[in-house]
Amino acid sequence: YYLCALKKHIIMELQVGKSYRVKNDIFNFKAGEVWSLVREGYQIYFGEQNFEFVNAEKNCRFIVLRDTSDEDMKIYCHLDRDFEEIEGDDNNFIHLSLDKKNTMKILVIGIGVIGSIYGYVFSKAGHTVTHYLRKDSKKNNIHTLNVHILDGRGHKKGLSYTDSYSIEHATEKEYDFIFIAVPSGKLESVIEELNREHITGTLLIACGIWEDKNYLEKLLGNRPYVLGYPVAGGNLEGKTLNACLFDHFMLESKAKTTIDNYDDLVKLFSDCHIALEHPYDMLEWIWLHLAINAGVISVASTTMENYSNNAQTTEAAEKLMQSAKLLKRAVKSVRETVKIVASRGVVLKHYNNELLPYNCLLSFSAPLMKRMFANNMLTQKIMTLHNNLPDLLYVCKCVYEEGKKKGIEAPLFYKNCSKLPM
């Protein structure tokens, strides 16, 4: 209410999509500089008004104004003292100024959560994004998504804002990149569809893949591809995309791919202000990530009574994050599922950073994880938004069956999984 009352006295409000000239040195802005406002939002949890700016060199700057600071509120109420809107044709919104010759054609498969999140940010960066849907898809009537997002790019707590994303349906056959992020086990049908429709482009496969390299090579044939993994999550409720986006993306290193447009892919993510991280081996990293997820999911599921209720999935995640006892069990379970991955010949020392939280003493790791969840809004959000139960159960099923087949001892994990409708 305090902030709403203040807004009545604001002389000028900054608007997303407008460019502004800085009138006085303020924060890390210098007088005379020109910046475009690309996002603004209010963080109720922290009582912060957030602004994200971009300049012509695609550099990002942020302003965070806190309700509890009289000085911050004085700045917020008199923004016209420090910023002036650039009028007329000179007001060229930075996102729209991307040189046409540098734009890329991106095809996103379907209108799922991950594909829509990255399609949205690729589009906002000025690239041409279209979505491919089968003719019998129930989502063919979706042409706009309402976006509610917690965006971690350049802001450690995440910037919360709303926007809309115009969905363009695919009509062409050739693309620079084809972004594939489909539920576990659905990759094969996507490749068959692309082959049938003669759609070409470098595949960016951002899926949870439990199969091995030989399976991928046989499935993809001569198609150029690179493996990646999203650091984002959310859910779709009708035509509303509830999303959480981190500032990095896991991508196979250039040395381990044969695609000839890898540098273009690096630029695509750079245009979106998303850093790339390259694990020792991308496919092994995905296996490890899925195994960690399976271990955590199996423990969280013990608090659920109804496995057909998405709301209970969210509640289970919340209970897990708030309980040191459950987190201790989750760490024990992950230690078991990691052994299942190691049985595939994966050398775990290559992934010490990823496994560090699970290799510490239980008396230390569980409270540490609980504190991390309590203080990190982005991690909280991604845990509670991911409530696609069939996808979660599929991950548990894959790891469970592999462990049983290899005879790996994982009593806690197997016991919890035996209660799941896998």
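**Exercise 1. Helix 3: buried or exposed?**

Task: Decide which residues of helix 3 are buried, and how many of its twelve residues that makes.

Solution:
- Step 1. Go along helix 3 and list the buried residues: I114, G115, S116, I117, Y118, G119, Y120, V121 and F122. This is a predicted model.
- Step 2. Apply the cut-off: buried means under 20% relative accessible area.
- Step 3. Nine of the twelve residues are buried, so helix 3 is mostly covered.

**Exercise 2. The length of helix 3**

Task: Find what span the twelve residues of helix 3 should have at 1.5 Å a residue, and set it against the distance between the end C-alpha atoms.

Solution:
- Step 1. The expected span is 1.5 Å times one less than the number of residues.
- Step 2. For helix 3 this gives 16 Å.
- Step 3. The end C-alpha atoms are 17 Å apart, which agrees.
- Step 4. Now look just past the helix. G126 follows helix 3 and has a positive phi, near 100°.

**Exercise 3. An open sheet**

Task: Give the order of the four strands in the open sheet, and say which strands stand at the edges.

Solution:
- Step 1. The order is 9-8-14-13, with mixed pairing.
- Step 2. Strand 9 (159–166) and strand 13 (232–237) each have a single partner strand, so they stand at the edges and one side of each lacks a neighbour in the sheet.
- Step 3. From one strand to the next, the twist averages 20°.
- Step 4. Take one pairing. Strand 8 (residues 144–151) and strand 9 run antiparallel and are joined by eight bridges. T144 has S166 of strand 9 as its bridge partner.

**Exercise 4. Helices across the sheet**

Task: Find which strands helix 3 and helix 12 lie across.

Solution:
- Step 1. Helix 3 (residues 113–124) lies across strand 8, strand 9, strand 13 and strand 14 (240–245). Helix 3 runs at about 105° to strand 13.
- Step 2. Helix 12 (residues 377–385) lies across strand 8, strand 13 and strand 14. Its angle to strand 14 is about 135°.

**Exercise 5. Aromatic pairs**

Task: Classify the pairs F51 with Y76 and Y118 with F122.

Solution:
- Step 1. A pair of aromatic rings is described by the distance of the centres and the angle of the planes.
- Step 2. Planes under 30 degrees apart count as stacked, over 60 as edge-to-face, and the rest as tilted.
- Step 3. F51 and Y76 are 6.4 Å apart, centre to centre, with 40° between the planes: a tilted pair. F51 is in strand 3 (residues 48–54) and Y76 in helix 2 (residues 70–77), so the pair links distant parts of the chain, 25 residues apart. Both F51 and Y76 are buried.
- Step 4. Y118 and F122 have ring centres 6.2 Å apart and planes at 40°, so this pair is tilted. Both residues lie in helix 3, four residues apart, about one turn of the helix.
- Step 5. Widen the view. Y118 and F122 form one aromatic cluster with F179, F249 and F269. The whole structure holds 17 aromatic pairs.

**Exercise 6. Two histidines with positive phi**

Task: Say where H198 and H273 are found, and how exposed H198 and H273 are.

Solution:
- Step 1. H198 is not a glycine, yet its phi is positive, about 55°. H198 is in the loop between helix 4 (187–197) and strand 11 (200–205). With a relative accessible area of 63%, H198 is exposed.
- Step 2. H273 has a positive phi near 60°. H273 is in the loop between helix 6 (262–271) and strand 16 (275–277). At 21% relative accessibility, H273 counts as partly exposed.

Notes:
Residues numbered from 1 in each chain as written. Predicted model: local features only at pLDDT ≥ 70, side-chain atom pairs only at ≥ 80, totals over all residues. Heavy atoms only, no water. Pairing = 2+ DSSP bridges. Axes fitted to C-alpha atoms, helices over the stretch in contact; angles between N-to-C directions. Contact = heavy atoms within 4.5 Å. Phe/Tyr/Trp six-rings, centres within 6.5 Å; stacked < 30°, edge-to-face > 60°. Buried < 20%, exposed > 50% of the residue type's maximum accessible area, 1.4 Å probe, protein only.
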